[in-house]
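Please walk through the pockets, the enclosed cavities and one of the sheets of this protein, with the sequence and the structure side by side.

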Amino acid sequence: MISCTFRALLTAGLLALGAATPTAAADADNRPDIVVAVADNPPTLEPAKELSNVGTRITYSVFDTLIRRDFLSEKGGGGSKLVPSLATDWKRLDDKTLEVKLREGVKFQNGADFTAEDVIFTFSPERLIGDDSPLPQGRAYFGVLDHIEKIDDHTVRFVTKEPDPLLEQRLASWASWIVNKKDWLEKANGKAFAQFPVGTGPYMLDDYRADQYVKLKAFDGYWGGKPTASTVTFKKVPEPAARIAGLVSGEFDIITNVAPDQIPQIDGYDDIETRSVVLANSHVLVYNTDNAVLKDKRVRQAMNLAIDRQLLVDALWGGEAVVPNGHQYPEYGDMYQADRPGFEYNPEKARKLLQEAGYNGEEIVYATEPQYYLNALPAAQAMLEMWKAVGLNVKLEVREDIDTIPNDQLMVRNWSNSTRYPDPVGGLWNTWGPFGSAQKSWQTWSPEEFNKVGRELETTLDHDKRFALAVKLMDIWEDEAPGTILYQPLETYGVRKSLKWQPYTFYYMDLRPDNLKDEAHGS
């Protein structure tokens, strides 16, 4: 624990430097100016462009979806219940048509009325689902969408190419945040996309400084109630120790990416605490299946068998992270394969596979960024020793941005996979399918059978058939081994105790009035 003397000196020093902090004085209505210290910030707030952990934590409070997943419907912030948002009602007219009633009287942050035209544009080929769309990831989520029909200003019909069992879930999840058509087109102005469009959420962009902070201000015209903070600033603070010091001093109200061994230190104070959730997200490895050394799947299988995942969890996460039984999560409900065997740790079998594959010590390069994923470096260093123990020659390469590695030079990289919606289609298929990064961006895998099964899973309504297809899809992925799951990380935040805020089992930071109260300011 930091001593009281050190804490006092630290606070005095930080107050002397306070002018560097981009926060405003409290408004006359006494709402707080909240500062969140984060490891990184996104380069854009276009909600279907920045689909990342650093992006969605901000865009979630700037934009609304038509339907909302109520994470608070279950204790711990992992609920899956769907509730109205910008849509007040929805119903299936047939297997391919969903009619949606839009909420009336909603305003965008620029004062424009929210209408059917904005919904149609949000999901249009021009912006999201066309072959020439500036947001190609949109097709990973809405490739099944054929078109949207306008019935009147506040009624639309979504029409899909094939039956889609998850359309309602899609409309409550990634790439579905509604933008204002006129604003988006004016800001794009012939460019690829609008970098900072307006939404209907409780907070709107106030200031954006690359590599420093993103500052949001309250949108008091929010249809869901007056926001409980005046401003929210996401300040980039890459070093974990600096984030903790700022929380201790009172400079920061929330900090992200707290390591397990830092939890007791923060919990030792009277006015701050940690709040943790196991994410419905997994840290994963990606293998380049076209690489000459990794082309034989037995080498990739051996790499997976050599990893002692539970040891990583115990050593790096204090036993609090979770090793899932496959690329799935219990929130899948009746699509969860509860009896599926977990990932096997078998060094002897790994050695045998390497011998069968004719592996002869060729160098394999594993690339990782230093700070993006919590515990990425120590996990990599531990796995290097595990791989060495079975005869694999793996070299670690640390880069500030591993996406700069050309596809043909990429061998092994780390990544994370989140479940976009509680179903195998929203997890394994979405992330590893034809529009996911492994196939589309990095071009590390081209699986015909996997894609065939995934497309059928995506368009089948019968539960039993879907379950069998989901089992087959995961079987193919584990056998082909284009990558592997390491664990579901423990996401821990440091929070000022007087701030009543519940983290979710996802990277979203929900700052809406029903999930953010500040007892210190009476808001």
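In this predicted model, the lining of the second largest pocket is made up of 6 nonpolar, 5 polar and 5 charged residues. That pocket holds about 360 Å³ of space, and among the 16 residues that line it, N304, L305, F343, E344 and E478 lie nearest its centre. Two or more lining residues come from each of the elements α10 (297–305), α12 (347–357), α17 (463–480) and β17.

The largest pocket has a volume of about 1300 Å³, and its lining runs to 47 residues, with E50, S52, V54, Y372 and D403 lying nearest its centre. The elements that contribute two or more residues here are α2 (53–59), α5 (138–142), β16, α14 (428–432) and α15 (437–441), and of these β16 gives the most, with 5 residues. By class, the lining of the largest pocket comprises 19 nonpolar, 16 polar and 12 charged residues.

Turning from the pockets to the enclosed spaces, one finds 4 cavities of 30 Å³ or more. The largest cavity contains about 80 Å³ of space, and the residues around it are Y60, D64, T65, R68, R69, F71, S85, A172, W177, Y508 and R512. Of this lining, 5 residues are nonpolar, 2 are polar and 4 are charged.

The second largest cavity contains about 70 Å³, and its lining has 10 nonpolar and 2 polar residues but no charged ones. The residues concerned are H283, V284, Y366, Y373, A376, A379, A380, M383, N414, W415, L486 and Y487. At least two of the lining residues come from each of β13 (281–287), α13 (376–389), β16 (412–418) and β17 (483–487), with α13 giving the most, 4 residues. Two of these strands also appear in the pocket linings, since β16 contributes to the largest pocket and β17 to the second largest pocket.The sheet is a separate topic. How are its strands ordered and paired? Here 4 strands form an open sheet in the order β4-β5-β7-β6, with antiparallel pairing. Because β4 (87–94) and β6 (145–152) stand at the edges, each with a single partner strand, one side of each is left without a neighbour in the sheet. From one strand to the next, the twist averages 20 degrees. The partner of β6 is strand β7 (residues 155–160), and the two pair in the antiparallel sense over 6 bridges, with I148 standing opposite F158 in β7.

Terms used:
Residues are numbered from 1 along each chain as its sequence is written. This is a predicted model: local features need pLDDT of at least 70, side-chain atom pairs count only at pLDDT 80 or more; totals for chains, interfaces and linings use all residues. Side-chain values use heavy atoms; hydrogens and water are left out. On a 1 Å grid over the protein atoms alone, a cavity is a set of points where a 1.4 Å probe fits but cannot get out, and a pocket is an open set with protein on both sides within 12 Å along at least five of seven lines; lining residues have an atom within 4 Å of a point. Grid points are joined across faces, edges and corners, and a volume is the space filled by probe spheres set on the points. Ala, Val, Leu, Ile, Met, Phe, Trp, Tyr, Cys and Pro count as nonpolar, Asp, Glu, Lys and Arg as charged, and the others, Gly among them, as polar. Two strands pair if DSSP finds at least two bridges between them. Axes are lines fitted to C-alpha atoms, for helices over the stretch in contact, and angles run from 0 to 180 degrees between N-to-C directions.
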